[in-house]
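Reader: Please show me the chain. I would like to go through its fold and its core in short steps.

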Amino acid sequence: QAADTYTQLWLGLGRLGIRQVAALGQIVAAEELDPARHELVGDTAATTYVVRSGGVQIEGVIVRRARLEGVS
């Protein structure tokens with residue numbers, strides 16, 4: 001139920017132009033990192049990263065970068 005509520009919250013915010021920079025749990029390869037969109041925490045020399053905090057963008061402007069943690 002909590003996961004459904006979280007999803008519904010972001011769907012509603014999306015209608016207002018507020019979106020996540022990246023989805024929670026998404027895996028991002030090192031070559032796909034974008035310093036304007038992603039903030040690295042922990043191991044910064046990993047080859048893959050997992051999204052720990054989705055970040056926020058309002059009408060395309062990033063107000064909080066997604067936080068990614070190295071996993072390998």
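**Fold, surface and core**

Reader: What surface area does the chain have, and what share belongs to carbon and sulfur atoms?
Author: This is a predicted model. The accessible surface of the chain comes to about 4,600 Å². The share belonging to carbon and sulfur atoms is 54%.

Reader: Which pattern does the chain follow along the sequence?
Author: The chain has one helix and seven strands. Read along the sequence, the pattern is α-β-β-β-β-β-β-β.

Reader: What share of contacts between residues at least 6 apart in sequence joins residues at least 24 apart?
Author: The C-alpha atoms fill a box of roughly 35 × 30 × 15 Å along the principal axes. Take the contacts between residues at least 6 apart in sequence. Those joining residues at least 24 apart make up 55%.

Reader: Which elements give two or more residues to the largest nonpolar core?
Author: Buried residues make up 28% of the 72 residues. The largest nonpolar core has eight residues: Val 21, Ala 22, Val 28, Ala 46, Tyr 49, Val 51, Ala 66 and Leu 68. The elements giving two or more residues to this core are β4 (48–53) and β7 (66–70).

Reader: Which residues does Ala 66 touch, leaving out those up to four places away in sequence?
Author: Ala 66 belongs to the largest nonpolar core. Core residues Val 21 and Ala 22 are among its contacts. The full list is Val 21, Ala 22, Arg 37, His 38, Glu 39, Ser 53, Gly 54 and Gly 55.

Reader: How far apart are the centres of the positive and negative side chains?
Author: The chain has 7 positive and 8 negative side chains. The centres of the two sets lie apart by 7 Å.

Conventions:
Residues numbered from 1 in each chain as written. Predicted model: local features only at pLDDT ≥ 70, side-chain atom pairs only at ≥ 80, totals over all residues. Heavy atoms only, no water. Helix = DSSP H or I, 4+ residues; strand = E, 2+ residues; numbered from the N terminus. Buried < 20%, exposed > 50% of the residue type's maximum accessible area, 1.4 Å probe, protein only. Contact = heavy atoms within 4.5 Å. Areas by Shrake-Rupley, 256 points an atom, 1.4 Å probe, with all protein chains shown as cover. Lys, Arg positive; Asp, Glu negative; His and termini not counted. Charge placed at Lys NZ, Arg CZ, Asp CG, Glu CD. Core = buried A, V, L, I, M, F, W, Y, C linked by side-chain atoms within 4.5 Å.
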